[in-house]
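Work through the exercises below with the sequence and the coordinates at hand. Each task is followed by a solution in steps.

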Amino acid sequence: QVQLLESGGGLVQPGGSLRLSCAASGSIFSINAMGWYRQAPGKQRELVATITSGGTTNYADSVKGRFTISRDNAKNTVYLQMNSVEPEDTAVYYCNAGRIHTPTRVQFEVWGQGTLVTVSS
């Protein structure tokens, strides 16, 4: 069973930067689209950014120009560079992989456990 493990969350001041990482563990042939989602207290989970295996990206309007998603296919890892963060970015950030191909099966909609990002002075 492939798992996704996020890291890099924490406390950051408004205007600061933070980099999240999400690594897929296990024997993997390929991963198609990967993405970051977030859920703030009392709100529904929302899309932050996605990236295809070929590098095509998509961003929520609220983070365009501030956040950058990237991936290293050789390491089965996706990153989220967060710049100029705002208090409204405070949330638990979740990594997602749409489809993971392993030697024995295909896993769909795999989620990480989440990492908390708090933007506060």
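The exercises concern a predicted model, and they cover a disulfide, a sheet, a core and three single residues.

**Exercise 1. The disulfide**

Task: Find which cysteines form a disulfide, and state which parts of the chain the pair ties together.

Solution.
Step 1. The cut-off for a disulfide is a pair of cysteine sulfur atoms within 2.5 Å. The sulfur atoms of Cys22 and Cys95 are 2.1 Å apart, and the two residues form a disulfide. The count by this rule is one disulfide.
Step 2. Cys22 belongs to strand S3 (residues 18-25) and Cys95 to strand S10 (residues 91-101), so the link ties together parts that lie 73 residues apart in sequence.
Step 3. The angle about the S-S bond is -80°, and the link of Cys22 and Cys95 is left-handed.
Step 4. Cys22 and Cys95 are both buried.

**Exercise 2. The four-stranded sheet**

Task: Give the order of the strands in the open sheet of four strands, and state which of them stand at the edges.

Solution.
Step 1. The order is S1-S3-S9-S8, with antiparallel pairing.
Step 2. Strand S1 (3-7) and S8 are the edge strands; each has a single partner strand, so one side of each has no neighbour in the sheet.
Step 3. From one strand to the next, the twist averages 15°.
Step 4. Next come the pairings of S9. S3 and S9 are antiparallel and share six bridges; in this pairing Arg19 has Gln81 of S9 as its bridge partner.
Step 5. On the other pairing, six bridges join S8 to strand S9 (residues 77-82), again in the antiparallel sense. Here Arg71 is matched with Val78 of S9, and Phe67 with Met82 of S9.
Step 6. The hairpin of S8 and S9 has four residues between the strands, and Asn76 takes a positive phi near 50° in it.
Step 7. Of the six residues of S9, five are buried, so this strand is largely enclosed by the rest of the structure.

**Exercise 3. The nonpolar core**

Task: Identify the residues that touch the most other members of the largest nonpolar core, and state which strand supplies the largest share.

Solution.
Step 1. The largest nonpolar core has 32 residues, and Leu4, Trp36, Leu80 and Tyr93 touch the most other members.
Step 2. At least two core residues come from each of S3, strand S5 (34-39), strand S6 (46-51), S8, S9, S10 and strand S12 (115-119).
Step 3. S10 gives the largest share, five residues.
Step 4. Take Tyr93 as an example. With neighbours within four places in sequence left aside, its contacts include Leu20, Trp36, Val48, Phe67, Leu80, Met82 and Val117. Among its other contacts are Glu6, Arg38 and Thr115.

**Exercise 4. Two buried polar residues**

Task: For Arg66 and Asn96, determine what each side chain reaches by a polar contact.

Solution.
Step 1. Arg66 sits in the loop between strand S7 (57-59) and strand S8 (67-72). Its relative accessible area is 12%, so Arg66 counts as buried.
Step 2. The Arg66 side chain reaches the backbone oxygen of Ser62 at 2.8 Å.
Step 3. Residues up to four places away in sequence not being counted, Arg66 touches Gln81, Met82, Asn83, Ser84, Val85, Glu86 and Asp89.
Step 4. Asn96 is in strand S10. With a relative accessible area of 6%, Asn96 is buried.
Step 5. The side chains of Asn96 and Glu109 make a polar contact at 3.1 Å.
Step 6. Beyond neighbours within four places in sequence, the contacts of Asn96 include Leu4, Met34, Tyr37, Glu109 and Trp111.

**Exercise 5. A loop residue**

Task: Is Gln13 buried or exposed, and which residues does Gln13 touch beyond four places in sequence?

Solution.
Step 1. Gln13 is placed in the loop between strand S2 (10-12) and S3.
Step 2. The cut-off for exposed is over 50% relative accessible area. Gln13 has 55% relative accessibility, so it is exposed.
Step 3. Leaving out residues up to four places away in sequence, Gln13 touches Val85, Val119 and Ser120.
Step 4. From Gln13 to Ser84 the C-alpha to C-alpha distance is 9.3 Å, and the two residues are 71 residues apart in sequence.

Definitions and conventions
Residues numbered from 1 in each chain as written. Predicted model: local features only at pLDDT ≥ 70, side-chain atom pairs only at ≥ 80, totals over all residues. Heavy atoms only, no water. Buried < 20%, exposed > 50% of the residue type's maximum accessible area, 1.4 Å probe, protein only. Polar contact = N/O pair within 3.5 Å; in protein donor to acceptor, adjacent residues only side chain to side chain. Contact = heavy atoms within 4.5 Å. Pairing = 2+ DSSP bridges. Axes fitted to C-alpha atoms, helices over the stretch in contact; angles between N-to-C directions. Core = buried A, V, L, I, M, F, W, Y, C linked by side-chain atoms within 4.5 Å.
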